[in-house]
Amino acid sequence: MRDLGTAAKASGKIPKRALQFIGVRRVAGGYYLYDNNSGQLLASLSIIEGANDMLNSRLRDIVISAYYEYGRILGIYN
């Protein structure tokens with residue numbers, strides 16, 4: 001598994017603080033998103049390998065942003 005924190009941060013599409021709390025790993029056929037503090041799996045994203053890389057990255061970034069906002073509102077990510 002490859003950690004994509006740096007790549008996701010460089011995309012500029014997600015809140016800067018999100019990757020302090022949410023980890024991203026690229027795996028065969030998709031991504032795993034996990035909580036950096038607990039190690040708990042938040043989401044497993046399946047992608048179509050033939051799809052455009054930009055589209056796959058946008059999907060990843062949108063889901064990271066949604067989980068970050070959810071956790072921030074609940075007071076998990078402050």
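Which residues form one aromatic cluster? The exercises below work towards this and other points.

The model is predicted: local features need pLDDT of at least 70, side-chain atom pairs count only at pLDDT 80 or more, and totals for chains, interfaces and linings use all residues. Residues are numbered from 1 along each chain as its sequence is written, and side-chain values use heavy atoms, without hydrogens and water.

**Exercise 1. Find the aromatic cluster and classify the pair Tyr-68 and Tyr-77.**

Solution.
- Step 1. Apply the ring rule: rings of Phe, Tyr and Trp (its six-membered ring) pair if their centres lie within 6.5 Å. Planes under 30 degrees apart count as stacked, over 60 as edge-to-face, the rest as tilted.
- Step 2. Search the whole structure. Three aromatic pairs turn up.
- Step 3. Take Tyr-68 and Tyr-77. Their centres are 6.3 Å apart with 10 degrees between the planes, so the pair is stacked.
- Step 4. Check burial (buried is under 20% relative accessible area, exposed over 50%, partly exposed in between; 1.4 Å probe, protein chains only). Tyr-68 has 6% relative accessibility, so Tyr-68 counts as buried. Tyr-77 has 5%, so Tyr-77 is buried too.
- Step 5. Collect the cluster: Phe-21, Tyr-68 and Tyr-77.

**Exercise 2. Lay out the fold and the strand pairing.**

Solution.
- Step 1. Assign elements as DSSP runs, numbered from the N terminus: helices (H or I) need at least four residues, strands (E) at least two. The chain has three helices and four strands.
- Step 2. Read along the sequence. The pattern is β-α-α-β-β-β-α.
- Step 3. Pair the strands (DSSP must find at least two bridges between them). E2 and E3 run antiparallel, joined by six bridges. Arg-25 stands opposite Tyr-32 in E3.
- Step 4. Continue to E4. Strand E3 (residues 30-35) pairs with strand E4 (residues 41-46), again antiparallel, over five bridges. Leu-33 has Ala-43 in E4 as its bridge partner.
- Step 5. Inspect the turns. The E2 and E3 hairpin has two residues between its strands, and Gly-29 in the turn has a positive phi of about 85 degrees. The E3 and E4 hairpin has five residues between its strands; here Gly-39 has a positive phi of about 80 degrees.

**Exercise 3. Place Arg-26 and find what its side chain reaches.**

Solution.
- Step 1. Locate Arg-26: strand E2 (residues 22-27).
- Step 2. Compare sequence and space. Arg-26 and Leu-45 are 19 residues apart in sequence and 9.5 Å apart C-alpha to C-alpha.
- Step 3. Follow the side chain of Arg-26. At 3.0 Å, the backbone oxygen of Gly-30 is reached.

**Exercise 4. Count the salt bridges and describe their surroundings.**

Solution.
- Step 1. Set the rule: a side-chain nitrogen of Lys or Arg within 4 Å of a carboxyl oxygen of Asp or Glu. The count is two salt bridges.
- Step 2. Take Arg-60 and Asp-61. Their side chains meet at 3.0 Å, N to O. Both residues are buried.
- Step 3. Take Glu-69 and Arg-72. The closest N and O atoms are 2.7 Å apart. Both residues lie in helix H3, three residues apart, about one turn of the helix.
- Step 4. Check exposure. Glu-69 is partly exposed because its relative accessible area is 31%. Arg-72 is at 38%, so Arg-72 also counts as partly exposed.

Conventions: A polar contact is a pair of N or O atoms within 3.5 Å; within protein, one must be able to donate a hydrogen and the other to accept it, and residues adjacent in sequence count only if both atoms are side-chain atoms.
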